[in-house]
Amino acid sequence: MHNKIADILQKSVLSKNDLIILLSANKDNAEIIFNKAAEIKTKYIGNYTYFRGLIELSNICTRNCLYCGIRSGNKNAERYMISDEEVFNSVKYALDRHWGSVVIQSGERSDTAFIDKVEHILRQITQMCEKKPGITLSLGEQKTDTFKRWFDAGATRYLLRIESSNPDIFKKIHPQDKLHNLERRIENLYTLQKLGYITGTGVMIGLPFQTIEDLANDLLFMQKLDIDMIGMGPYIEHEDTPLYQYRDLLLPIEERYFLSLKMIAVLRILMKDVNIASSTALQAINPDGREEGIRVGANVIMPNITPVRYHKSYNLYKGKPDIAPETDNYIKILEKQIALAGDKVGYGDKGDPKHFFRRTVER
Ligand code: SF4
């Protein structure tokens with residue numbers, strides 16, 4: 001198997017079968033994949049990890065995804081919306097520390113009050129900063145006009161995860177209604193690209209019913225869509241969700257973690273110059289998880305800078321780390337761990353994905 005993997009890693013084009021073999025590697029054989037991913041990262045994007053200050057704007061959501069702790073149907077979730085002032089203070093925290101970017105994430109809403117609020121926040125952030133920061137939005141599906149308004153107000157990146165490219169799995173992890181529709185989600189991704197956003201997506205790894213072939217297809221989906229940035233991580237079950245009933249079908253949590261590291265590494269090999277986030281869900285399983293993600297090919301970490309009192313309420317999955325707050329001391333530890341993984345922190349730089357510029361120039 002070792003030789004077979006070494007042969008695959010020499011190829012310039014990887015087939016679905018190649019991806020399946022790489023994703024099936026055991027611990028000993030995976031090291032060669034991890035090393036190759038690290039080599040490609042150094043060659044194509046350099047050894048920098050970028051911090052994105054993550055602001056969890058609100059856990060109010062109109063959707064009801066069957067895996068999510070803040071789904072609208074979860075009556076146990078205590079709902080919140082943070083004030084504009086709190087958002088600006090968080091942005092200031094990030095920019096004072098020379099992080100080039102912030103991410104604004106929220107449960108999904110498409111009502112006028114929410115759209116206006118986000119637009120106002122974006123315009124204010126742009127005005128308060130001498131040097132325009134990179135602003136990523138992760139606010140779910142929206143109308144083209146809304147995406148455009150937010151783009152014009154200063155957002156440059158948009159992350160819209162599909163969670164699984166397999167329509168059958170998508171159906172099993174979402175309610176069967178018009179609101180939850182994979183095709184429309186994919187159309188939204190194309191719209192974002194057309195509008196000029198740096199566009200991101202992602203999947204969950206280790207879902208019930210999911211096979212290695214599904215994950216290989218997920219990687220090929222991202223390649224086909226020519227996506228610029230990816231946020232993906234292990235599926236971690238939440239007891240207040242309908243999907244929890246299938247917990248006996250899940251791989252042990254350590255295997256989901258290992259599979260997630262392999263997904264990061266194989267994606268780096270497949271799509272050399274994209275941005276890949278090392279997710280908080282990795283850290284939920286292993287305290288060094290985010291740094292391990294960096295070692296095997298990721299180049300983005302999103303420290304949570306939401307005001308501490310809201311942390312517990314943005315409870316997407318069981319055991320979501322409550323490193324509250326991600327203080328200067330914690331960031332120093334993170335810097336050391338990133339250095340151990342072979343990277344420096346890209347301070348003062350937005351860290352836009354090189355892939356985006358290549359994609360938009362080539363089209
Ligand atoms: S995954 Fe997103 S859209 Fe779905 S319920 Fe959770 S916050 Fe809402």
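A residue is buried if 20 or more other C-beta atoms lie within 10 Å of its own, exposed if 12 or fewer, and partly exposed in between, with C-beta atoms placed from the backbone. The legends below describe a predicted model.

**Figure 1. The whole protein chain, with 14 helices and 10 strands.** The radius of gyration is 19 Å, close to the 21 Å that the globule rule gives for 363 residues, so the protein chain is as compact as a globular protein of that length. Along the principal axes, its C-alpha atoms fill a box of roughly 55 × 45 × 45 Å. Of the 363 residues, 48% count as buried. Take the contacts in the protein chain with a separation of 6 or more: residues 24 or more positions apart account for 78% of them.

**Figure 2. The shell around the ligand.** The residues shown are C61, R63, C65, C68, I70, R71, G107, E108 and G140. By class, this shell divides into four nonpolar, two polar and three charged residues.

**Figure 3. Helix α10, residues 253–270.** The helix has 18 residues. From its first C-alpha to its last it reaches 25 Å, close to the 26 Å expected at 1.5 Å a residue. In α10, 15 of the 18 residues are buried, so the helix is largely enclosed by the rest of the structure.

**Figure 4. The largest nonpolar core, with M263 picked out.** This core has 97 residues. Those with the most contacts inside it are I230, M263, A265, V266 and L267. Its largest share, 11 residues, comes from α10. In soluble globular proteins, nonpolar side chains tend to be buried together. Leaving out residues up to four places away in sequence, M263 touches L23, I205, L215 and M232.

**Figure 5. T201 in strand β5.** The strand covers residues 198–201. T201 has 26 other C-beta atoms within 10 Å, and the buried class starts at 20, so T201 is buried. Neighbours within four places in sequence aside, T201 is in contact with L160, R161, I162, L189, M222, I227 and I230. One of these, I230, is among the residues with the most contacts inside the largest nonpolar core. F88 lies 113 residues from T201 along the chain, and their C-alpha atoms are separated by 26 Å.

**Figure 6. Two loop residues with positive phi, F209 and D226.** Most residues other than glycine have a negative phi. F209 departs from this, with phi near 75 degrees. The loop that holds F209 runs between β6 (204–205) and α9 (212–225). F209 counts as partly exposed because it has 14 C-beta neighbours inside 10 Å. D226 is not a glycine either, yet its phi is positive, about 60 degrees. The loop of D226 lies between α9 and β7 (229–234). With 16 other C-beta atoms within 10 Å, D226 is partly exposed.

**Figure 7. N35 in helix α3.** The helix spans residues 27–44. N35 has 14 C-beta neighbours inside 10 Å, a count between the limits of 12 and 20, so it is partly exposed. R295 is 260 residues from N35 along the chain. In space, the C-alpha atoms of N35 and R295 are separated by 8.6 Å.

**Figure 8. R185 in helix α8.** This helix covers residues 182–195. R185 counts as partly exposed, with 18 C-beta neighbours inside 10 Å. Setting aside neighbours within four places in sequence, R185 is in contact with E141, L160 and I162. Both L160 and I162 also appear among the contacts of T201. M222 is another T201 contact. R185 and M222 are 37 residues apart in sequence, and 13 Å apart from C-alpha to C-alpha.

Key
Residues numbered from 1 in each chain as written. Predicted model: local features only at pLDDT ≥ 70, side-chain atom pairs only at ≥ 80, totals over all residues. Near = placed C-beta within 6 Å. Nonpolar A, V, L, I, M, F, W, Y, C, P; charged D, E, K, R; others polar. Helix = DSSP H or I, 4+ residues; strand = E, 2+ residues; numbered from the N terminus. Rg over C-alpha atoms; globule rule 2.2 N^0.38 Å. Contact = placed C-beta atoms within 7 Å. Expected span 1.5 Å × (residues − 1). Core = buried A, V, L, I, M, F, W, Y, C linked by C-beta atoms within 7 Å.
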